[in-house]
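Hi,

Here's the structure I promised to pass on. Have a look at it first, and then read my notes below.

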Amino acid sequence: MFTAKSIGYWIALDAPVATERIARLGYDYVVLDGQHGFIDQSGLLAGLMAIELAGCAGLVRVEANNPTPIGRALDAGARGVIIPLIDSAADAAAAVAAARFPPLGARSYGPMRDPAGTRPKPADVNEKVTVVAMIETPRALASVEEICAVPGLDGVYIGPSDLSLALGGAYPGDPAIADAFEQALERVRKAAAASGVAAGIHTPTGEVAARRLAEGFAFASISGDLSHLEQAAAAHLERARR
């Protein structure tokens with residue numbers, strides 16, 4: 001589903017009306033965060049419906065590499081899933097299997113509201129589901145070439161905060177590991193290109209997203225609703241108190 005230089009947005013809050021308004025802005029995809037966000041299953045359903053109504057592609061970062069949250073996100077209508085804490089090719093293969101119906105995987109058939117339609121054919125769904133593995137741990141970085149080569153995997157996605165810590169940073173974005181971080185990004189991009197999968201990254205601003213896309217990333221997500229809400233409120237308060 002990722003075209004060249006796809007741009008997405010990150011949602012942590014269970015606020016479908018706000019999610020719909022963001023999805024109407026022209027982003028290529030919107031991600032609902034089921035791992036660190038504040039969205040339960042009913043919230044995922046409402047959020048995905050809002051994104052779809054806005055004519056955007058809805059993805060879900062699931063809480064874990066487990067068939068249950070992966071299947072429930074897809075059953076709720078997600079166009080794809082982002083799987084956190086993938087450490088190995090075996091982990092990535094398990095994620096792919098959980099997201100696709102037999103014979104390509106082991107997903108249980110129960111698409112309650114699938115974008116492919118009511119009671120869709122498994123083969124049709126398998127073609128449209130996107131599976132993305134997060135690269136954010138030392139083991140994942142060491143195995144990224146093998147992870148990218150897993151059949152059925154569509155992309156890899158860098159979690160910069162966890163990757164910074166994995167590289168020895170004292171905190172996300174620690175300048176002490178800036179060179180090692182950039183080298184890690186290059187390794188992930190090259191591994192993805194070699195296997196023909198899309199490489200993506202989370203970014204704090206549109207400017208950083210533009211830079212990463214220019215470097216060769218296929219897709220980039222920009223910050224998120226909670227961060228932007230805080231930043232906008234703080235900026236208005238500062239101006240009002242001048």
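Strand 5 (residues 130-135) runs parallel to strand 6 (residues 155-158), and the two are joined by 4 bridges. One residue pair to click on there is I135 and its bridge partner in strand 6, I158. By the way, this is a predicted model, so please read everything here in that light.

That pair of strands belongs to a bigger arrangement: 8 strands close into a barrel, in the order 1-2-3-4-5-6-7-8, with parallel pairing. On average, neighbouring strands of this sheet are turned by 25° against each other, ignoring direction. As a reminder, strands of a sheet pair through backbone hydrogen bonds, either parallel or antiparallel.

Now for the backbone oddities. Most residues other than glycine have a negative phi, and most peptide bonds are trans. A few spots here go the other way:

- K5 has a positive phi, near 60°. You'll find K5 in the segment before strand 1 (6-11).
- S223 also has a positive phi, near 40°. S223 is in the loop that links strand 8 (219-222) to helix 11 (225-240).
- The peptide bond from P102 to P103 is cis, with omega near 10°. P103 sits in the loop between helix 4 (89-99) and helix 5 (122-128).

And is S223 buried or exposed? S223 counts as buried, because its relative accessibility is 10% and the cut-off for buried is under 20%.

Cheers

Key
Residues are numbered from 1 along each chain as its sequence is written. This is a predicted model: local features need pLDDT of at least 70, side-chain atom pairs count only at pLDDT 80 or more; totals for chains, interfaces and linings use all residues. Side-chain values use heavy atoms; hydrogens and water are left out. Buried means under 20% relative accessible area, exposed over 50%, partly exposed in between (1.4 Å probe, protein chains only). Two strands pair if DSSP finds at least two bridges between them. Axes are lines fitted to C-alpha atoms, for helices over the stretch in contact, and angles run from 0 to 180 degrees between N-to-C directions.
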